[in-house]
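Student: I would like to learn how to read a structural model feature by feature. Could you take me through one, giving the idea before the case each time?

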Amino acid sequence: MSGMNDPGMNVLILGGSGFLGTAVAQACERGGATVRVLSRSGRTAVGEGVRGDVRMPRLGLSSADLARVREQTTHVVLCFGSVSWTSGPGEVLETHSSGMRSALAFLRELPALRQAVHISSLLALGRAKGRITNRELYTGQRFRNWYEYGKYCAERLVRDTPELPVGVVRFGPVLGPDPRGGRPDTRHGLPMAFPHLLAGYPVHLARRGDFPCWITDATSAAQIVLKALTTPIGRSTWTWFDPAMPTLGEVFTEVCRPWGVVPKIVEAGPLGRFTRLIGERVGAPKELTEYTEPWFDLDVNVLKEIPEPWPVPDPDYLGATGEALRGGTERRALV
Ligand SMILES: NC(=O)c1ccc[n+]([C@@H]2O[C@H](COP(=O)([O-])OP(=O)(O)OC[C@H]3O[C@@H](n4cnc5c(N)ncnc54)[C@H](OP(=O)(O)O)[C@@H]3O)[C@@H](O)[C@H]2O)c1
């Protein structure tokens, strides 16, 4: 993507010190924007870091920070965690529901706000029925875990603020090396499968994983967020995934390749309690057994709602993910 054409762009990234937020901050800075990152730690690899907490009124900003942030911010990215599939309702709803409510209230107090973008997840669709486009959010679905429900609540709240210039960008799992360096985090989401597969344990997947998993890499995801800020996206919803659409089986194979490991992907058959029990017994994280069959029916034409040119995912980001896993140090030990 050619970068941005909006001089004077001052971006506040809520959760900008995380995996995806750092990639977004880097993309914005490369595009010429002034970048400010808010998180509880206040740390950032890019731009200015400020300490705050989305669950608190006025994002918990100090009065000195509050005045500057209010006056200067022209664009906002809502990119805060938690991303754990094992979190209970307390943590998830405090962050994605109460936190989103207070973040949206804060946006109403920004006199220079031109565009905000909420990073949603395709998992907000849970076990959605029928064909899913950018229009659907609630289809009567059930949710596999509190994370899915939390991301549903967050997108619901954004949709219910027609007076604010907030758009939605949905991603599936985002992979690639961590832009902050160090080993990728395998404590949450699909990456929970990687240590298991690399240790030679089997994973049971319907159709041996021959179904799309809507994956992309952090670099192209970040470029899509920048594109949403600058186009601007307005109040639309976009969905982005790697247009090459690797299947879940291919993702596992490519991530394991740098280790010289061929993942043991076993046909799951119709997923039942028996398969789940086998999966759990051989050590597969329990949460992953909920994702071993096609997640829902996404209309691939959603991609066409994003204006071209589209970013190109990093070549071999799946192999690079596996390669980064070989690196010695856990990133969380570095911060
Ligand atoms: N990673 C993916 O595959 C993926 C896919 C689709 C959508 N998303 C969405 O993208 C967002 C970021 O994901 P990620 O993978 O980058 O997660 P992450 O690495 O865990 O980053 C989360 C960020 O949120 C901050 N944060 C957490 N609680 C906060 C609070 N109460 N107040 C302020 N900041 C807070 C964290 O910093 P502190 O801990 O210092 O506060 C960190 O900067 C999430 O909303 C996630 O649902 C991610």
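Student: Is His118 buried or exposed?

Tutor: This is a predicted model, and burial is read from relative accessible area, with buried meaning under 20%. At 1% relative accessibility, His118 therefore counts as buried. The residue lies in strand E5, and, when residues up to four places away in sequence are not counted, His118 touches Leu78, Met100, Lys151, Ala154, Glu155, Val158, Val166, Gly167, Val168 and Val169.

Student: How many residues of helix H9 are buried, and what covers them?

Tutor: For a helix one can go through the residues one by one and then ask which elements lie over the buried ones. Helix H9, residues 317–326, is mostly covered, with seven of its 10 residues buried. Those buried residues are Tyr317, Leu318, Gly319, Thr321, Gly322, Ala324 and Leu325. Their cover includes strand E8 (174–175) and helix H5 (193–198), together with strand E10 (216–217) and helix H7 (248–256).

Student: Where should I be careful about confidence, and over which residues does pLDDT stay under 50?

Tutor: Where pLDDT is low, the predicted coordinates should not be read in detail. Here the chain has a mean pLDDT of 92, and 91% of its residues reach 70 or more. The stretch to treat with care is residues 331–335, where pLDDT stays under 50 and for which the model has 10 contacts beyond four places in sequence.

Student: How do I read salt bridges, and which residue pairs with Glu290?

Tutor: Side chains of opposite charge can pair when their charged atoms come close. The count in this model comes to 18 salt bridges. In one of them Glu290 pairs with Arg127, and the closest N and O atoms are 2.6 Å apart. Glu290 lies in the loop between helix H8 (273–281) and strand E13 (297–298), whereas Arg127 lies in the loop between strand E5 (115–121) and strand E6 (131–132), so the pair ties together parts that are 163 residues apart in sequence. Glu290 is partly exposed at 22% relative accessibility, and Arg127 is also partly exposed, with a relative accessible area of 28%.

Student: What does Arg144 contact in that region?

Tutor: With neighbours within four places in sequence left aside, Arg144 is in contact with Gly126, Arg127, Glu290, Tyr291 and Trp295, a list that includes both partners of the salt bridge just described. Arg144 itself is found in the loop between E6 and H4 and is buried, with a relative accessible area of 12%. A polar atom of the Arg144 side chain lies 3.2 Å from the backbone oxygen of Trp295.

Student: Which residues are closest to the ligand, and which elements supply its shell?

Tutor: A binding site can be read in steps, from the surrounding shell to the individual polar contacts and then to the covered area. The ligand is surrounded by 27 residues, of which the closest are Ser17, Leu20, Arg40, Phe80 and Tyr147. Helix H1 (19–30), strand E2 (34–39), E5 and helix H4 (146–159) each supply at least two residues of this shell. Among the polar contacts, an N or O atom in the side chain of Tyr147 is 2.5 Å from a ligand oxygen, a backbone N or O atom of Phe80 lies 2.6 Å from an oxygen of the ligand, and a polar backbone atom of Gly15 is 3.2 Å from a ligand oxygen. Taken alone the ligand exposes 880 Å², and the protein buries 85% of that.

Student: Which backbone angles deserve a second look, and where are the cis peptide bonds?

Tutor: For the backbone one can check omega for cis bonds, and then phi. Gly81 and Ser82 are joined by a cis peptide bond with omega about 20 degrees, and Ser82 is found in the loop between strand E4 (75–78) and helix H3 (89–107). Another cis peptide bond joins Glu308 and Pro309, with omega about 5 degrees, and Pro309 is in the loop between E13 and H9. As for phi, Arg58 has a positive value near 55 degrees although it is not glycine, and Arg58 sits in the loop between strand E3 (48–51) and helix H2 (63–72).

How values were computed: Residues numbered from 1 in each chain as written. Predicted model: local features only at pLDDT ≥ 70, side-chain atom pairs only at ≥ 80, totals over all residues. Heavy atoms only, no water. pLDDT = per-residue confidence, 0-100. Contact = heavy atoms within 4.5 Å. Salt bridge = Lys/Arg side-chain N within 4 Å of Asp/Glu carboxyl O. Helix = DSSP H or I, 4+ residues; strand = E, 2+ residues; numbered from the N terminus. Buried < 20%, exposed > 50% of the residue type's maximum accessible area, 1.4 Å probe, protein only. Near = heavy atom within 4 Å. Polar contact = N/O pair within 3.5 Å; in protein donor to acceptor, adjacent residues only side chain to side chain. Areas by Shrake-Rupley, 256 points an atom, 1.4 Å probe, with all protein chains shown as cover.
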